[in-house]
Every structure is written in structure tokens, then in C-alpha cells.
Amino acid sequence: MDHFLYRDGLLHAEDVPLDDIAATVGTPAYVYSHATLLRHFTLFDEALAGMPHLVCYSVKASSNLALLSILAEAGAGMDVVSEGEYRRARAAGVPGERIVFSGVGKTRPEMRTALEGGIRQFNLESEPEMRALSEVAVSLGVEAPVTIRVNPDVDARTHAKISTGKSENKFGIPIARAREVYAEAAKLPGLRVVGIDVHIGSQLTELEPFETAYRKVAELTAALRADGHAIDRLDLGGGLGIPYERSNSAPPLPVEYGEVVKRTVGQLGCEIQIEPGRLIAGNAGILLSRVVYVKQGEGRDFLILDAAMNDLIRPAMYDAWHDIVPVAEPAAGAETRPYDVVGPICESGDTFAKGRPMSPLREGDLVAFRSAGAYGAVMSSEYNSRLLAPEVLVRRDHFAVIRPRPSFDDMLARDRVPEWI
Ligand code: LLP
């Protein structure tokens, strides 16, 4: 459920008609709903009720400070993968003890920043990284709380580019070697083992891969405890998918996911941590765009929008589907016609949808890409020297620009031309 609904013939974000936002801010623009974001965080929090837990929002999904501040205030932890994300989480008011540092390539300066600023745990992904963190912690005279990310070799049955739990993926250490690696971690100075971490992929639309992975983690917990390690915390990653194509998909709900967690690891007496990103932010955002031209091609009509692959890369990168809906509500039973929906960028990959049935649209009409709140704005670029789309936050009947569109002067002013050219 989200808060982007038709009312009085117009698509609204909460109580604000989207054409108001387009008139004030221009297009393309990302628009987020405060209520939807909060609701999806709460769903996870409630799904884990009854177990000691912390929901750590995965900042990579959508990282605007305003969004992070909403979640911080609601008590969320944060999962970060770079110094930039760490600083964002801190700037949004998240205390260090609620921040988890993930990622395969944390650098020593990043480790130092997190240790000095406060950190709940590092999710370590390799032995070289473990040794580096030990050195950094010793040099600062502190102890770093760590988990080790294990790769359970489970097929998440999602897109290959976002699957992370198979042995061929770069993530974690093979679960079969976990005992040996934990033994080394326990001996290294400056590290304190606090638990186990696992994350098998993103946009999972079935629960079974989670169940298989979490059972393996439960077995490992017992084995590591028998080896004398204090396994008090399990970080079970993120990955629960969302219904991008509303007409024909209904992935499991957070409450059902929570049941799997309880069933597989609930009896271990561990604190449970999860790192969802997409399910919290995905349906809390849309990308608002305007039709620039309708062009008749050979046997097809092209809907040329002012949004492009630089604004929303997911269709080009993962062949991802996003529902694209007109802001002006089509009449009930109105005819549809197939459109190839494209952006203005100079490559054929700048295609959002092919042969997509839509009610007839004209130059100047507004459309919204649904489910664009996660991995949307954060993955945008200035390719073709297009300005980054602004971000807008709606709460009930008011809205605010939470990241303005830069000016062309801003864009040009970032470059330097050396005088010796
Ligand atoms: N934890 C770790 C260690 C991760 O690598 C990820 C996502 C998450 C948590 C959050 O997963 P989520 O709940 O959002 O599925 N750009 C791609 C998705 C990449 C996901 C990367 N890792 C897309 O647009 O589909």
C-alpha cells in the first residue's frame, strides 16, 4: 500500500496533486511520501516484534537526508556501505550505536571514521579486511565490534546482477570456512566478535531462499558457540522484494518474512538485525515526468519523456519494470494503445518500456513512474550533461524540495580547465 492515489481525477502524493508539484518544481522530479516511508519501516519493526531486534535501513536504497531523518526519528538503525553513507546517517541524527558498516571494500580511512564516530558493528567480508580493521582498531586503542558475513551458497532466484549469496558472488566468506575464519577473528587484537551476518540478494519474491539461508545461519550459530564465540546478534540482511508490476505480482509481506525469521533463528536468543532498503523506500517514491513529444515510428508510437536513463537507470540496467501511469486519471474503460516509452538520451538503451499499453497521451501530459523511491535518485547521473532531478517530500497537504535541481552554472562550475591547455 502506498499514498499515491487518484483523487478528483488527478494522481496525488498524499494530499498534494502531482501537477502542483510539477508546476512548482518542474520535471523530471522525484516525489516521496512521508507516510509511505514510515509505514514500510513500521511494517518491518512490527514483523519482528517479540524478538529483540533492530531494523537497519539500507541507506544505499535512497539516501536523502530528509528521508533518513524521518527514519532516524522513528528509531531506525542504518546499514551503510561507504564513508559518505556513514556521514549521511550521522547527519540525520542516527547515533553510532545504531549504524552497521557493510561492504566488501571498506578502506582503512573509512574504518577509522566509523570507529572514531561510533559504530554498532562492522560486517566483515574477507580475511584481509579483518586484519586491516584489527590494525586500525589497535592504532586507535579501541575494540571494533564485528560480525563476519557468510556466503551460504543459496540461490536467491532474483536478477543475476543483484544476487549476492551464491558462491560465485564476491560477497562474504564461504560458510564452509566460517569456523576457521571466526577462529582467526577471535585471536586478532582490537576485534570483538558479536555475531553473524548474511545477505543473499535483493528483490526476492519468494521466502524459501531466506528460509534456507537462515537455517544455515542457525546451524552455524550453534557450531560457533560450541567453539566458544559469543554469537549474540544475527544480521539477516535485506532483500525482500516489492510489487513493481501491480497487475501481476504480490511478493511476500514483511509479516510473512518475520515468521520465517522467528521459525528459523527465533529460538537462538540472539538479537535480530535486518537491513531492508527497497521495501522501505521503493513504493514511497515516484518519478514525475512530462511527455515532450509523441512520435509516430514505423509500426509503433514513441512516447518521448523528459526523464531519461540518467534519472532512472533500472530499466536499462536490469530490464526492470516500473508501472508508468498518467497523472490525469484515464476514464474508466478508456482505450489503451501500446507505446515505446523512451527518454531523450542518445542511445537506444534509454528505453523505459516497449509496447506498454497506456491510455492515449499527448505532448505536455504528466506521467509518474511508480515504485521509484529505491535505487532511483541514488543511481542517477548527469549523463548527456542533464541536470540531476530534484527530490521533493510530501507530508499530508504540504511539500518541500529536499534536494533542489542544480543550475547549469552549478554544473559547469564544478569543472576546472587548467591554464596550460
Ligand atoms: N544489505 C546489503 C549487504 C546489501 O547489499 C543490500 C543491497 C541491502 C542490504 C538492501 O537490500 P534491499 O532490501 O534493498 O533489497 N540497484 C539494484 C539493487 C542493488 C541492491 C544492492 N544491495 C536495483 O535497482 O534493483
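**Exercise 1.** In this predicted model, is Arg314 buried or exposed?

*Solution.* Step 1: count the neighbours; Arg314 has 20 other C-beta atoms within 10 Å. Step 2: apply the cut-off, by which a residue with 20 or more such atoms counts as buried. Step 3: Arg314 is therefore buried.

**Exercise 2.** Place Tyr318 in its helix and classify its exposure.

*Solution.* Step 1: Tyr318 lies in helix α11, the helix of residues 314-318 that also holds Arg314. Step 2: around Tyr318 there are 16 other C-beta atoms within 10 Å. Step 3: a residue is exposed at 12 or fewer and buried at 20 or more, so Tyr318 is partly exposed.

**Exercise 3.** Which residues does Arg314 touch, not counting residues up to four places away in sequence, and which does Tyr318 contact on that basis?

*Solution.* Step 1: Arg314 touches Ala320, His322 and Tyr375. Step 2: Tyr318 is in contact with His159 and Lys161.

**Exercise 4.** Describe the annotated binding site.

*Solution.* Step 1: the unreviewed UniProt entry lists Arg278, Arg314, Tyr318, Glu347 and Tyr375 under "binding site". Step 2: these residues span 98 residues of sequence and are spread in space too, with up to 27.8 Å between C-alpha atoms.

**Exercise 5.** How many residues surround the ligand, and which are the closest?

*Solution.* Step 1: the ligand is surrounded by 21 residues, the closest being Ser202, Gly238, Gly277, Arg278 and Tyr375. Step 2: α10 (278-281) and α11 are the elements that give two or more residues to this shell. Step 3: sorted by class, the shell has 7 nonpolar, 10 polar and 4 charged residues. Step 4: domain 1 (4-31 + 282-413) and domain 2 (103-274) each supply at least three residues.

Terms used:
Residues numbered from 1 in each chain as written. Predicted model: local features only at pLDDT ≥ 70, side-chain atom pairs only at ≥ 80, totals over all residues. UniProt positions renumbered as here; feature names shortened; annotations may be inferred. Helix = DSSP H or I, 4+ residues; strand = E, 2+ residues; numbered from the N terminus. Contact = placed C-beta atoms within 7 Å. Near = placed C-beta within 6 Å. Nonpolar A, V, L, I, M, F, W, Y, C, P; charged D, E, K, R; others polar. Domains from an automatic or database assignment.
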